[in-house]
Amino acid sequence: MEDKKIIIAIDGHSSTGKSTVAKQIAKELKYIYVDTGAMYRAVALYAMRKNFIDDANLDQAALEKELPNINIKFKINVATGLAEVLLNGENVEEEIRTLRVSKHVSKIAAVSLVRKKLVEQQHQMGKDKGIVMDGRDIGTVVFPNAELKLFMTATAKDRAERRYLELKEREENVSYEDVLKNVVNRDHIDSTRKDSPLRKASDAIKIDNSNLTLNQQFEQILLLAKTAIKNA
């Protein structure tokens with residue numbers, strides 16, 4: 001008898017490795033992985049290209065007017081087996097991961113109409129279950145009835161160190177201080193925004209990975225996923 005498919009919702013602070021473990025779990029379970037953060041990053045990139053946003057201001061009205069013209073899709077890279085983001089048909093996977101885009105993501109995600117548009121798309125993606133989705137409000141807003149909800153966290157220092165090393169590996173010219181500042185700033189915006197603020201769902205399992213290796217984290221979450229599938 002085939003296992004019942006479930007929805008796995010992974011929320012948490014920025015740079016906690018949500019996407020990394022979500023990809024691993026999805027691959028192991030042969031589920032579909034959806035990186036909702038990448039969707040907001042794609043909107044942020046679109047806004048930057050249109051000069052709707054800079055370090056000081058966001059032209060929210062102009063962005064909202066353009067929303068019907070923003071099309072975001074995921075395409076599997078046959079070489080890696082992982083999903084990559086297409087913005088209006090253009091592969092922007094590399095560009096949306098830069099620190100210059102990261103600086104604007106939380107502001108974009110705080111816009112109610114942006115969230116409404118993307119949450120509608122996320123609901124559609126999860127209608128057949130068998131999905132692992134990570135973000136800030138998956139277990140609280142997008143899929144409040146998900147069979148497994150996780151909330152990932154780690155100290156700001158640990159998260160900034162990981163993110164800094166990741167960006168340096170991509171040969172981005174960044175300082176650790178700038179990365180730490182970005183992590184702390186995103187935490188503040190994500191947790192205090194009016195629309196769908198970052199918070200742990202009451203029935204979510206907290207995973208503090210400050211002192212966990214990637215493998216330990218994967219094994220712990222895979223066990224939780226298998227238990228949830230068995231009990232579904």
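For residue classes, Ala, Val, Leu, Ile, Met, Phe, Trp, Tyr, Cys and Pro count as nonpolar, Asp, Glu, Lys and Arg as charged, and the others, Gly among them, as polar. With that in hand, here is a look at the voids, the cores and one ring pair of this predicted model.

**Cavities**

There are 2 cavities of 30 Å³ or more in the structure. The largest cavity comes to about 110 Å³. Its lining takes in 13 residues, and nearest its centre sit Gly 37, Tyr 40, Val 105, Ala 109 and Arg 136. H2, H4 and H8 are the elements giving two or more residues to that lining. Sorted by class, the lining of the largest cavity has 3 nonpolar, 4 polar and 6 charged residues.

The second largest cavity has about 30 Å³. Among the residues lining the second largest cavity are Lys 23, Tyr 33, Asp 35, Phe 74, Glu 93 and Arg 97. Strand S2 (32–35) and S4 are the elements that put two or more residues into this lining. No polar residues turn up there: the split is 5 nonpolar and 4 charged.

**The largest pocket**

Next comes the open space. The largest pocket offers about 880 Å³, and 35 residues line it. Closest to the pocket centre are Ser 19, Thr 20, Arg 97, Glu 166 and Arg 170. Two or more lining residues come from each of helix H1 (18–29), helix H2 (36–49), strand S4 (83–87), strand S6 (131–135), H7 and helix H9 (214–231). H7 makes the largest contribution to the pocket lining, with 5 residues. By class, the pocket lining holds 7 nonpolar, 12 polar and 16 charged residues.

Here are the three linings by class:

| Space | Nonpolar | Polar | Charged |
|---|---|---|---|
| Largest pocket | 7 residues | 12 residues | 16 residues |
| Largest cavity | 3 residues | 4 residues | 6 residues |
| Second largest cavity | 5 residues | no residues | 4 residues |

**Nonpolar cores**

In soluble globular proteins, nonpolar side chains tend to be buried together. In this model, the largest nonpolar core has 38 residues, and those with the most contacts inside it are Val 43, Leu 63, Ile 70, Ile 72, Leu 87, Ile 108 and Val 114. The elements that each supply at least two core residues include strand S1 (7–12), helix H3 (60–66), helix H4 (99–109) and helix H5 (112–125). H2 gives the largest share of this core, 10 residues.

Which residues does Val 43 touch, leaving aside its neighbours within four places in sequence? The list is Leu 63, Ile 70, Ile 72, Ile 108, Val 114 and Leu 118. There is also a second, separate core, which has 21 residues, including Ala 22, Leu 148, Met 152 and Phe 218.

**The aromatic pair**

The structure has 1 aromatic pair. Tyr 164 and Tyr 176 make it, with centres 6.2 Å apart and planes at 85°. That counts as edge-to-face because the angle is over 60 degrees. Tyr 164 belongs to helix H7 (residues 156–169) and Tyr 176 to helix H8 (residues 176–192), so the pair ties together parts that are 12 residues apart in sequence.

Are these tyrosines buried or exposed? Tyr 164 is partly exposed, at 23% relative accessibility. Tyr 176 is partly exposed too, with a relative accessible area of 23%. Neither counts as buried, because that label needs a value under 20%.

Methods: Residues are numbered from 1 along each chain as its sequence is written. This is a predicted model: local features need pLDDT of at least 70, side-chain atom pairs count only at pLDDT 80 or more; totals for chains, interfaces and linings use all residues. Side-chain values use heavy atoms; hydrogens and water are left out. Rings of Phe, Tyr and Trp (its six-membered ring) pair if their centres lie within 6.5 Å; planes under 30 degrees apart count as stacked, over 60 as edge-to-face and the rest as tilted. Helices (H or I, at least four residues) and strands (E, at least two) are DSSP runs, numbered from the N terminus. Buried means under 20% relative accessible area, exposed over 50%, partly exposed in between (1.4 Å probe, protein chains only). On a 1 Å grid over the protein atoms alone, a cavity is a set of points where a 1.4 Å probe fits but cannot get out, and a pocket is an open set with protein on both sides within 12 Å along at least five of seven lines; lining residues have an atom within 4 Å of a point. Grid points are joined across faces, edges and corners, and a volume is the space filled by probe spheres set on the points. A nonpolar core is a set of buried Ala, Val, Leu, Ile, Met, Phe, Trp, Tyr and Cys residues joined through side-chain atoms within 4.5 Å. Contact means heavy atoms within 4.5 Å.
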